[in-house]
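Welcome! Take a moment to look over the sequence and the 3D picture, and then we will walk through them together.

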Amino acid sequence: MAIGPSDVGRLRLWLIVLGAAFLAQSYGFRNGTRLSWFAMNRQEHRLRGEIVRTTLDPARRTTGRLPGEIASLASSDADAATGVLRQASMGAASVLGLVLCAGYLLWADLWVGVAVLVVTPLSMVVLRLLTPHLSRTSHRQQEGIAAAGASAADVMQGVEVLRGIGGVYRAGR
């Protein structure tokens, strides 16, 4: 409407509206991301503190696993648990964006809107079918990392014993 009739006043108005919308989105994303990362890091810190307390206190350990293995497994679980916070915070924004975009697409061009609204759920179904395979692969990687962490912790524990009895000095000769 502003460009066709060469209405400079309308053009300025809509450029200001566009700039205000961009600023609102930019600041909303920045502040929302900042809050979600703060919550995620705070929870991760709390979980890791609990991991340290459990790993260092033999009375609190309920499995027969070595401390290094417990720490490695629990650390990767803490990362996954805090990832849920990030997904939850971004999920609400994604749903709102999807609803607004779908409404606009349906308003602007009915057939494009319908096509997007059909293709999006289909792509989600395909992703849902791929997820179990990715989870199995991730679980195997975590088990390997836990075993390596346990071995490293046990080696370091043995080195500390050797240092305590003066073995490192004698081995260096």
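A residue is called exposed when its relative accessible area is over 50%, buried when that area is under 20%, and partly exposed in between. With those words in hand, Y104 is exposed, and W107 is exposed as well. Please keep in mind that you are looking at a predicted model.

## The overall picture

The protein chain contains four helices and zero strands. Read from the N terminus on, its elements follow the order α-α-α-α. The chain has 173 residues, and 12% of them count as buried. Its accessible surface comes to about 13,500 Å², with 69% of that belonging to carbon and sulfur atoms. Contacts can also be sorted by how far apart the partners sit in the sequence: among those with a separation of 6 or more, 53% are between residues 24 or more positions apart.

## Helix α1 and what covers it

Helix α1 covers residues 8–56. It has 49 residues and reaches 71 Å from its first C-alpha to its last, close to the 72 Å expected at 1.5 Å a residue.

Which residues of α1 are buried? They are T33, S36, M40, E44, I51 and T55. Helix α2 is included in what covers these buried residues.

E44 deserves a closer look. Its relative accessibility is 16%, so it counts as buried, the cut-off being 20%. Setting aside neighbours within four places in sequence, E44 is in contact with D79 and T82.

## A small network of charges

How many salt bridges does a search of the whole structure find? The search finds two. Here they are side by side:

| Salt bridge | Closest N and O atoms |
|---|---|
| R48 with E44 | 3.0 Å apart |
| D79 with R48 | 2.6 Å apart |

Let us begin with the pair inside α1. R48 and E44 are four residues apart in that helix, so about one helical turn separates them. E44 is the buried partner, at 16% relative accessibility, while R48 is partly exposed because its relative accessible area is 29%.

The other pair reaches between helices. R48 forms a salt bridge with D79. D79 lies in helix α2 and R48 in helix α1, so this pair ties together parts that are 31 residues apart in sequence. D79 counts as partly exposed, with 39% relative accessibility. Through salt bridges that share partners, E44, R48 and D79 are joined into one network.

## Along helix α2

Helix α2 runs through residues 67–108. It holds Y104 and W107, which are three residues apart and so separated by about one helical turn.

How many aromatic pairs does a search of the whole structure find? There is one. It is made by Y104 and W107: their ring centres are 5.6 Å apart and their planes stand at 45 degrees, so the pair is tilted. As we saw at the start, both Y104 and W107 are exposed.

G103 also lies in helix α2. At 38% relative accessibility, G103 is partly exposed. Follow the chain onward from there to G113, ten residues along, and you will find that the C-alpha atoms of G103 and G113 are separated by 7.8 Å.

## A nonpolar patch on the surface

Now turn to the surface. Which residues form a nonpolar patch there? The patch is formed by L106, L110, W111, V114, L117, V118 and L122, which together have about 670 Å² of accessible area.

Helix α3, residues 110–164, gives the patch its largest share, with six residues. V114 is found in this helix. Its relative accessible area is 34%, so V114 is partly exposed. Membership of such a patch asks for over 30% relative accessible area, so a partly exposed residue can belong to one.

## Looking back

Three places are good to find again in the 3D view. One is the network of E44, R48 and D79, joined by salt bridges that share partners. Another is the tilted aromatic pair of Y104 and W107. The last is the nonpolar patch on the surface, with V114 among its residues.

Notes
Residues are numbered from 1 along each chain as its sequence is written. This is a predicted model: local features need pLDDT of at least 70, side-chain atom pairs count only at pLDDT 80 or more; totals for chains, interfaces and linings use all residues. Side-chain values use heavy atoms; hydrogens and water are left out. Patches are made of residues with over 30% relative accessible area and no salt bridge: like charges are joined within 9 Å, nonpolar side chains (Val, Leu, Ile, Met, Phe, Trp, Tyr) within 5 Å. Accessible areas come from the Shrake-Rupley method with a 1.4 Å probe; for residues, only the protein chains shown count as cover. A salt bridge is a side-chain nitrogen of Lys or Arg within 4 Å of a carboxyl oxygen of Asp or Glu. Helices (H or I, at least four residues) and strands (E, at least two) are DSSP runs, numbered from the N terminus. Buried means under 20% relative accessible area, exposed over 50%, partly exposed in between (1.4 Å probe, protein chains only). Rings of Phe, Tyr and Trp (its six-membered ring) pair if their centres lie within 6.5 Å; planes under 30 degrees apart count as stacked, over 60 as edge-to-face and the rest as tilted. Contact means heavy atoms within 4.5 Å. The expected span of a helix is 1.5 Å times one less than its number of residues.
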